[in-house]
Structure formats: C-alpha cells, structure tokens
Amino acid sequence: MFQLTVFIIEDDRAIAHLIRINLHLEGFKTATFSDAESALLALEKEKPDLILLDIMLPGISGFELQSRIKEQKIPVIFLTARTSLQDRLLGLELGGDDYITKPFDNRELVLRVKAVLRRVTPKTGPVKEVSIGPFRLAINQRFFYIDDKKVELTPTEFELIQLFMKNNQRVFGREELLDLVWGFDFFGDTRTVDMHIQRLRRKLGKYKDSIKTVYGIGYQLVVNE
C-alpha cells in the first residue's frame, strides 16, 4: 500500500516522537530531523508529501528553512510556541499552509495534516475549468490565471478562490470558510481566514477589491460575469 511521507523537523525529541507515533497510527511514513541542516540534506534526496516544521530550531530557523525550500512547493505546517499575529502572517507569507501553536492536541494535528494533503492532491479525470471575469481556474491541474497569466497560489489559496468563483456574490462567514476550505472543525480562530484572504487579495493585483469584506460576517467575491 502506498504511504504518504511526512518530514517532522522538530528539535524537541519528545514532541517529535509523539507526532511520529500518531502519524504512524494513521498510516503515514515519517522521517524526523532535529535541525534544518540535516533536513536540507534529506530534501536533496527525497521530496516528502508534507513537512511539519518547528520555527525555533537551532541554527537555521524554521522560517529561514521555508524561505529556502518554498520553490519546491512542498506543503508545510508550522509548529511553534510563538503565537503572535506577526509570526502567523510571516509563516503564511513564506508559503506555509497552516500554523499550529503548541501545546496542541494530537488528534487536531492529524486532522490538519490530512486536510492539507486533501487540498494538494490533484483530482483525476478530464480537465475542468471555471472562468469568471478575468479569473480562470484549471481545477484538475490546479492552475489559476488572471487575464490569462498564470498566478502561483498555495493549496489553501487555490481552494479559497475556487470556492468564491463557484459561488460568485455569495457571502461566506469566516466559520463557514474554515469548515469548507480547511475541511474539518477547525481548532484555531478565524484570524487564519483573514490572513489567507489578505494574502490572496495581494495576488489578485489590480483585482484585489473583487474580494469584498462583509463586516461582521465574512467575505464574498463580486465579479461581473
């Protein structure tokens, strides 16, 4: 049976061991690293399906490591005791797909790993496209275009814009977006949605105002078809 591989980059051996046990119970293959340098060497030989990345590593930090490897487009979930909004924003800016603060529930961690992997798994079958205004999605290929120019999105950003494009002008509450995009009963707070929307808007460039804030509720995409 094919196993998905998760790299655990965490300098606390007890935490890394516990994560490894829980992922093994769910059928994942894992490799653990206590510093960024050893992980970089391993990444030269193998590309995992997902990385769990501690921020406060000895030597090269988790943020710096992610900045070095983000072009490899490996899904990354940050693990950290740092809870500030600035750290969350930086993690997302660097291409992180999720951000989990310590201490965390092991069931939550496994659910969030599975949710990220679902978002990045290509769908099979004929290529399907969704077009609205200047935006076009090649869903199975997971490509996004603005005015026929390809724009790189993270898996979460892709799921957000896909949901909006399929439901033009519909208002989505923040909690609803967490449920529909993250794919499970999210354990964090709705600021996660706000941060992803902020980053997605920047990638829309001159069309950033197409995603409207509905104060007190959430967001909607408004595009003339």
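Helices and strands here are DSSP runs, numbered from the N terminus: at least four residues for a helix, at least two for a strand. With that in hand, start the tour. The model is predicted.

**Stop 1: the whole protein**

Show everything as a cartoon. The protein has 8 helices and 12 strands. Its radius of gyration is 18 Å, close to the 17 Å that the globule rule gives for 225 residues, so the protein is as compact as a globular protein of that length. Along the principal axes, the C-alpha atoms fill a box of roughly 55 × 40 × 30 Å. Of the 225 residues, 49% count as buried. Now consider contacts with a separation of 6 or more: residues 24 or more positions apart account for 58% of them.

**Stop 2: colour by confidence**

Switch to pLDDT colouring. The average for the protein is 87, and 93% of the residues score at least 70. Select strand 1, residues 5-9: this element has the highest mean pLDDT, 96. Helix 4 has the lowest, 76. Where pLDDT is low, the predicted coordinates should not be read in detail.

**Stop 3: the four-stranded sheet**

Select strands 6, 7, 8 and 9. They form an open sheet in the order 6-7-8-9, with antiparallel pairing. Which strands stand at the edges? Strand 6 (129-132) and strand 9 (149-151) do; each has a single partner strand, so one side of each is left without a neighbour in the sheet. Look along the sheet to see the turn between neighbouring strands: 25° on average, direction ignored.

Zoom in on strand 6 and strand 7 (residues 135-138). They run antiparallel, joined by 4 bridges. Pick Glu 129, then find its bridge partner in strand 7, Ala 138.

Next, add helix 6, residues 155-166. Helix 6 packs on the sheet and touches strand 6, strand 7 and strand 8 (143-146). The direction of helix 6 makes about 115° with that of strand 7.

**Stop 4: helix 4**

Move to residues 85-93, which make up helix 4. Show the side chains of Asp 87, Arg 88 and Leu 92, and mark Gly 91: these four residues are buried. Why do they lie on the same side of helix 4? They cover an arc of only 135° around the axis, which puts them there.

What do the buried residues pack against? Show helix 3 (62-69), strand 4 (76-80), strand 5 (98-101) and helix 8 (191-203): the buried residues of helix 4 pack against these elements.

Finish just after helix 4. Select Gly 95, which takes a positive phi of about 100°.

Notes:
Residues numbered from 1 in each chain as written. Predicted model: local features only at pLDDT ≥ 70, side-chain atom pairs only at ≥ 80, totals over all residues. Heavy atoms only, no water. Pairing = 2+ DSSP bridges. Axes fitted to C-alpha atoms, helices over the stretch in contact; angles between N-to-C directions. Contact = heavy atoms within 4.5 Å. Buried < 20%, exposed > 50% of the residue type's maximum accessible area, 1.4 Å probe, protein only. Arc of directions from axis to C-beta. pLDDT = per-residue confidence, 0-100. Rg over C-alpha atoms; globule rule 2.2 N^0.38 Å.
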